[in-house]
Amino acid sequence: MDSYDVVVIGSGIGGLVAAGLLARYGRRVLVCESHTLPGGAAHAFKRQGFTFDSGPSFYCGLADPTSCNPLREVLDALGESIEAVTYDPLGHYHFPDKTLAIYGDATQYQASLAKFSPQAAQELQALTEEMLAIYRPLGAIPTLALRADGWLFPLLVKRFPQAMLQLLPQLRGLGRSMGNFVDTTVRDPWLKQLIDLECFLLSGMKAHETVAPEMAFMFGERAESVIDYPMGGSGAIVDALIRGLNRWGGQLRLGTHVSKIWVENNQVQGIVLKTGERIRATTVISNATLWDTYNHLLDEAELPKRYRQKLLDTPAVDSFMHLHLGIRAEGLENLTVHHVVVHDTDQDITTPGNTCMISIPSVLDPSLAPAGHHVVHAYTLEPWQDWQRDADYGAKKEAKSQPLMRALQRVIPDICDRIVLKLIGTPLTHQRFLRRHQGTYGPAIAAGQGLFPGCNTPIKGLYRVGDSTLPGIGVPAVAASGILCANSLVSPRESAALLDLQRAKSSNR
């Protein structure tokens, strides 16, 4: 029977970060991934010469050595890097009556907004300053310093006293929703709508449901770092994390389906594969969603009944409809990479099909498509209910993809004549290839209605990472979840030594 110190179930960003750091700390680590492609919701795939991102497409700070991006900190600690191209403007937001250019540079963003509403531009400036007041002290503390145990506070006070002092006046804001800040700062109705949209793009919820620190980091990284895209797409990030894992002696096994977490007397013993093979480990980290972990990887009797039911009752963000297209690119020289189309401002932006997100990453990285072509990824929320693979499945896919096609026509009017490859994904596709409960985007935990669960579980030796754990949804957040978990599994001396090494490297640059 194979034996490891740590087995990680799933090769999403959170799982790979935790695995890579624990290997860096000297643990014997194995990552088991049921898919033949690594990366979870961030994996990349190829069709007919086109390379597609399956999920995330917007990144900040990968090319900035001073960035607060947890993913960059981890790659640096693992001795890995990725090539990234910076860009601005970010793209455009398309409303029925106007199109707004979006910039990372705060001055340019406010100038763009002022063309439609000078009041909105002034209020955005005031709101940005409030967000930066939260971001700056938080950003002064490297995510690599964080733990999920009682050693956290003493470590932060000892090593980051100035940042902790600056953070004190902001403590009240850390528990507030973004909507609370908007209510006290913003009067312009269009800016309120715009902030709701940006919260939705980040968390899947509007301003009053999105926690303020999450938006503060978005405002801060966008304004004070760089907007960039990894050359090679999201798959390049996954590849770099795997290189880091291997560099420090960790292993990844693809096509390795874990059927059960092996538990005896409330203590993890390892895992059981679908083949029946058992792998022994004193620590198991699940990168599966909380629903998949507690419904499928554990028997019901292995968890306290109340605890299990409370977590399984956590509301989930809907799944998605996806369009992955390969298109001819001639005549499209002035395209920007990101676009968001809101079809009807009288409808709620969270209505399925109303808000459509579009990414055309080959604008920045031509290697993602054959010469003279672009790759396009468009997606919109879509509920899981009523989807089944029956005789009407193909027709329903086509019908439900039409809002995405209409959105793309706002950006590229003749896109239908340009298509050379068309792939439609549904919630069933999302569940099948991403191994996610009902294809969900993650928990819909509104601000003030509770916190994302931490990495600990009631079972000794069992931990969780990913977008259904603290700090939540998004690539930086899931990377941070992996850091929190890994650091909590080693001694404070070990984590402090790695932190000091990284700070020394940074100061010598």
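1. A friendly place to start is the aromatic cluster: Phe 45, Phe 50 and Phe 52 are linked by ring pairs. Rings of Phe, Tyr and Trp (its six-membered ring) pair when their centres lie within 6.5 Å; planes under 30 degrees apart are stacked, over 60 edge-to-face, and the rest tilted.

2. Please keep in mind that this is a predicted model, with local features needing pLDDT of at least 70 and side-chain atom pairs pLDDT 80 or more, while totals for chains, interfaces and linings use all residues. Residues are numbered from 1 along each chain as its sequence is written, and side-chain values use heavy atoms, leaving out hydrogens and water.

3. Across the whole structure, the search finds ten aromatic pairs. In one of them, the ring centres of Phe 116 and Trp 190 are 5.5 Å apart with planes at 75°, so this pair is edge-to-face. Phe 116 sits in the loop between helix H3 (106-114) and helix H4 (118-139), whereas Trp 190 belongs to helix H9 (residues 189-203), 74 residues apart. Helices here are DSSP runs (H or I, at least four residues), numbered from the N terminus.

4. The two partners differ in cover: Trp 190 is buried at 11% relative accessible area, and Phe 116 is partly exposed at 39%. Buried means under 20%, exposed over 50%, and partly exposed in between (1.4 Å probe, protein chains only).

5. Trp 190 also has Lys 98 over its face, 4.7 Å from the ring centre. Such a charge has NZ of Lys or CZ of Arg within 6 Å of the ring centre and within 35 degrees of the ring normal. Arg 222 likewise lies over the face of Phe 219, at 5.6 Å.

Definitions and conventions: Helices (H or I, at least four residues) and strands (E, at least two) are DSSP runs, numbered from the N terminus.
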